[in-house]
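Take a look at the structure below. A student and a tutor then talk it through.

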Amino acid sequence: MTESTQRHSTDSALSPEITLRVRSLASTIAAVLALLLIAGGLYGRGKQTSAERQPEPGSLAKPLVSAPVPGKMGEWTVPAMLCAPDQACLVGGNAAVLHNGNVLFYYYPPPSGTNSIALVLDAVSGQLKDVSLPFAMDIFCSGLSFMPNGQLLVTGGNLPGAAIGHSGTFNAVIFDPVTLSWSSAQNMNYARWYPSTVELPGGTMLELSGNDNTGMVRQKVMETYNYQTNAWTVLPPSADMPPTTLHWSAYPRMVVLPSGMVFLAAPDTMSYEFNPSTNTWSYVAENNFGFRFYAPHVLLPGLQRVLVAGGSAVEGPPQGVSTNTAEVIDFSASSPAWNYTGSMTYARINHNLVLLADGTVLAVGGGGGSGAYLSPVLTPELYNPTTGTWTLMAPQIVPRTYHSTGVLLPDGRVLSAGSNDTGSMEETYEIFSPPYLFQGPRPVISSVPAALSYGANFTVTTPDAASIVRMALIKPGVTTHADAFDQRYVDLTFTIGSGQITATAPASGNYAPPGYYMLVIVNSSGVPSVMRFVQVG
Ligand SMILES: [Cu+2]
């Protein structure tokens, strides 16, 4: 089924907003009751003793007794609605963690409207604020990525009223986390539907792929955006995407490596990397499984290895049958090659891979069967990059398949949202507390500098300095369509002092492209602090 078909059937099925809310809430309540019965019957009653497991004041997402052993399998909250006051509820199909810790969600316009709906969630208090677009524009199906100034660049999207679905737009818009407002940027030179956006080491934004405004042509021409001049620059023909990488499946999975190259990790069998200095592509390696449709990717800590897990060998709707296999390519090798790492227990497509505060990776959501929304996998799995093994976590309640999102919150939890099917929309979010939040007291960051300069030393004060074994910068999550475009976990070198830690900022934008990061310290029990935002540049 195509995107436009889904949108049409979805929209028509949902007309009265109130019906939609009631239906979604009813299905959620039913799911919660079922899970509570299962949890009660199978596992008995979990104890609610830890401070982390208590609801924050005003929180809409209450803790759930879902995990038999939270210290080993983590714990989920009961799903809460994504409905800001006086606003249509939305599916959390696009998510971005802002540098004040709140999460921006946006989706397509409600059936009666012309402006994409958007909201900002304070995931700690549960408060929601309507930040819908002030102008008529559909930014669903767009690319998104943070710029060096912390503003979110949103590129392309869905062309309203297009004769053919999958038609892209030229528009680019910017969301300012400080003023909570949208503004128009200069239009792109090429219309794009399902493009990818990735920040380059120097802070310009690379834009690639996506369907044109006829819906018939996959864009091979790339362009870059300079946020300081508000100008798009078309790259020369040498930068055109390799022919084997142009598919129905857009949102190519890109990541900046310490070499300064931009690696195209998935979905293709043949992997390439792009050199932004010379505007040329070069072939890297062929993976083992083959084409991985809607498989997410993640740059692992150490910044030399890229993990791709799951996906389907069948391109395009109905999205084939997913695989549980996963592969890693290591760029510290003289000839980088894809090798199988441990397989997940569950085959998945359309899941998210989320880098956690301790450098492990959570595979959350996704579906196991043929079809964008079929055979949902409710059980997340945690990947250990050191051992290459996956561990089953506590099951979540709501299916999170196509159009689902997963992001790491500054408090170390994982927010999971989005997904729907042709009969109903899923307008809830739920939050996962990983096992590391049940391993004892958390180290506390007392103060951090507001800004870090590349290669310079800086000081973090903490009463827990003596117990700290790891410090890292984590790029805030920006995700849609089962992938996070700029996700990275940048370990820092540091020395322990009395009540403080002196660390060295990343050497350059090759390691951490400029912008806001979440700084975390982790103690010898593997427990992370609540993270603090710093601007790196
Ligand atoms: Cu989509």
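The questions below cover confidence, one sheet and the nonpolar core.

Tutor: Residues are numbered from 1 along each chain as its sequence is written. This is a predicted model: local features need pLDDT of at least 70, side-chain atom pairs count only at pLDDT 80 or more, and totals for chains, interfaces and linings use all residues.

Student: What is the mean pLDDT of the protein?
Tutor: pLDDT is the predictor's confidence in each residue, from 0 to 100. Here 87% of the residues reach 70 or more. The mean is 88.

Student: Over which residues is the pLDDT below 50?
Tutor: Where pLDDT is low, the predicted coordinates should not be read in detail. The stretch below 50 is residues 1-60.

Student: Which strands stand at the edges of the open sheet β7-β8-β9-β10?
Tutor: Strands are DSSP runs (E, at least two residues), numbered from the N terminus. Two pair if DSSP finds at least two bridges between them. The pairing in this sheet is antiparallel. An edge strand has a single partner, so one side is left without a neighbour in the sheet; these are β7 (143-146) and β10 (181-185).

Student: Which residue in β9 is the bridge partner of T155?
Tutor: β8 (residues 152-155) and β9 (residues 172-176) pair over four bridges. The partner of T155 is A172.

Student: Which strand gives the largest share of the largest nonpolar core?
Tutor: Such a core joins buried Ala, Val, Leu, Ile, Met, Phe, Trp, Tyr and Cys residues through C-beta atoms within 7 Å. Buried means 20 or more other C-beta atoms within 10 Å, with C-beta atoms placed from the backbone. This core has 151 residues. Seven come from the strand with the largest share, β38 (residues 515-523).

Technical notes
Contact = placed C-beta atoms within 7 Å. Buried ≥ 20, exposed ≤ 12 C-beta atoms within 10 Å, placed from the backbone.
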